[in-house]
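Please look over the sequence and the structure below. A short report on selected features follows them.

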Amino acid sequence: MGKPAGTAAESQSRNEEPVQADEPAPSHRWSPEPAAGPLPPARVALVGVHGFGTHHLRNLERLQAAGVVELVAVADPQPPAPGSVPDTAAVFPGLTDLLAATSGLELIIVATPIQTHAPLGLAALTANADLYLEKPPVASLADFNTLCDAARASGRSVQIGFQSLGSHALQAIEELLASGDIGTLQGISATGRWVRDKAYYQRSRWAGKRSIDGVDVVDGVATNPLAHAVATALRIAGARTVEDVASVETDLYHANDIESDDTSVIRIRTNTGLPVTCALTICATESVEPYVTLQGSQGEAVFHYTEDRLTVRTPSGETEQVFGRDDLTENLIAHRREGTALISPLVDSGAFMLVLEAIRTAPQPALISPDYVQWEGDGDAAHAVVVGIEEALERATQEHATFSELGLPWALPAYGSAS
């Protein structure tokens, strides 16, 4: 098990994944009414203003214009871009300095590299503020348990940045399953087909790493770029906490010159026996919107979670509907001030953390033979394409099988098969 990151985490200069199609389109966001009554805007601090931190800056700008928040301070060792932060917000090189100089915070948002989540999250919980922590929560199950203990001891609330869980489509899916329109739920799958080029892995020293200097990172396809696919599938399956998962199996590969996996199948079984199979790659021919499929005995439902779009197919026909979604920052503020239930509380990331832990402790991902990898584009814009990956993902999700079990020519032999 890797060592927990220390205070040197504040010296990291790059944030999480840049804003990707993993996020809802702007048309799916809604602007809140200005804060009502005597309550002033919530005082908010943002740790990490680059990479995915720019998403939070834009969202906080929207909420500040609506009178919901006041961004009073930001922290990042790399100074923010000119004009990206309100002139009224103080700028600090790290969270320690920010907390020492800032009082009255209600919310601290941490959008920093994965390996810094644990130390920064623990530091944030020492303030009288609630915490919004970007996904994945932390880089090991041990750190997750430590953070849960600290949150309970502090009495502070922690929201994890799985934005897709705010989709109103999830309630519609619950109602669909209760109605029996697609029959008995037999399985759930998540399919992700994205393209990432060489530059993607050159954007920071932690990109594509399993660890750095003995500190866990676990930047794999299922734990970072397509983590929402896994988290959304688990939520639909009713698997939230550690206790909701019976088993996790991994089949991990990489086509790029990286430590972590970029093409994988993760097969989960819930404590009710429901299979949840996630087949994911960032080595596709082209990027398509990821989706979660509910396989019923009399039909199916397909949820494109980045678009909040739900398609239901039954013998009587096909229907499609696009839903709205709740913003997680607003939800956390409403939780603190009004007792509204959290959408993505820390403890409900337990099932996802079991997946991350299985990936973290799995053998090194296997290299896909160059015979089955095509490179498209030039220079840093070149991206790997695993030959036949689209069909492989489709088969894996339909059959709830790993790449090895499918006998793909580039996959490792399945357990018990002839060598």
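The report takes up the sheet, a helix, a cavity and the salt bridges in turn.

## The sheet

This is a predicted model. Nine strands build an open sheet of mixed pairing, in the order β16-β15-β14-β13-β7-β12-β11-β10-β17. The edges are β16 (317-322) and β17 (366-367). Each has a single partner strand, so one side of each is left without a neighbour in the sheet. Strands of a sheet pair through backbone hydrogen bonds, either parallel or antiparallel.

Start with β14, residues 299-304. This strand is mostly covered, with 5 of its 6 residues buried. Its pairing with β13 (residues 291-296) is antiparallel and spans 5 bridges. Across that pairing, L294 faces A301 of β14. A hairpin of 2 residues connects β13 to β14.

On to β15, residues 309-314. β14 and β15 also run antiparallel, joined by 5 bridges. Here E300 stands opposite R313 of β15. The hairpin between β14 and β15 has 4 residues in between. In its turn, D308 has a positive phi of about 55 degrees.

Next in order comes the edge strand β16. β15 and β16 are antiparallel as well, with 6 bridges between them. In this pairing, R309 has V322 in β16 as its bridge partner.

## Helix α6

Is α6 enclosed by the rest of the structure, or is it left open? Helix α6 covers residues 227-236, and 10 of the 10 are buried, so the helix is largely enclosed by the rest of the structure. Among the buried residues are H228, T232 and R235. A227, A229, V230, A231, A233, L234 and I236 are buried too. After α6 comes G238, with a positive phi near 80 degrees.

## The second largest cavity

The model contains 7 cavities of 30 Å³ or more. The second largest holds about 90 Å³ of space. Its lining is made up of 13 residues. Nearest its centre lie L165, A231, R235, D348 and S349. Two elements, α6 and α8, give two or more residues each to this lining. The most comes from α6, with 3 residues. Of the lining residues, 8 are nonpolar, 2 are polar and 3 are charged.

So A231 and R235 appear twice in this account: they are buried residues of α6, and they are among the residues nearest the centre of the second largest cavity.

## Salt bridges

Side chains of opposite charge can pair when their charged atoms come close. How many salt bridges does the structure hold? There are 20. The table lists a selection.

| Pair | N to O distance |
|---|---|
| D130 and R336 | 3.3 Å |
| R267 and E249 | 2.9 Å |
| R360 and E357 | 2.8 Å |

Take D130 and R336 first. Their side chains meet in a salt bridge at 3.3 Å, N to O. D130 belongs to strand β5 (residues 130-133) and R336 to helix α7 (residues 328-338), so the pair ties together parts that are 206 residues apart in sequence. D130 is buried, with a relative accessible area of 4%. R336 is partly exposed, at 28%. The two also belong to a wider network of salt bridges, which links E106, D130, R156, R336 and R337.

The salt bridge of R267 and E249 is at 2.9 Å, N to O. This pair links distant parts of the chain, 18 residues apart: R267 is in strand β11 (residues 263-270) and E249 in strand β10 (residues 245-254). R267 is buried, with a relative accessible area of 11%. E249 is partly exposed, with a relative accessible area of 37%. In the sheet order, β11 and β10 are listed side by side.

R360 and E357 make up the last pair in the table, with their closest N and O atoms 2.8 Å apart. Both residues lie in helix α8 (residues 350-361). They are 3 residues apart, which puts about one helical turn between them. An α-helix has 3.6 residues a turn, so residues three or four places apart point the same way. R360 and E357 are both buried.

Conventions. Residues numbered from 1 in each chain as written. Predicted model: local features only at pLDDT ≥ 70, side-chain atom pairs only at ≥ 80, totals over all residues. Heavy atoms only, no water. Buried < 20%, exposed > 50% of the residue type's maximum accessible area, 1.4 Å probe, protein only. Salt bridge = Lys/Arg side-chain N within 4 Å of Asp/Glu carboxyl O. Pairing = 2+ DSSP bridges. 1 Å grid on protein atoms, 1.4 Å probe; cavity = no way out; pocket = protein on both sides within 12 Å on 5 of 7 lines; lining within 4 Å. Points joined across faces, edges and corners; volume = space filled by probe spheres on them. Nonpolar A, V, L, I, M, F, W, Y, C, P; charged D, E, K, R; others polar.
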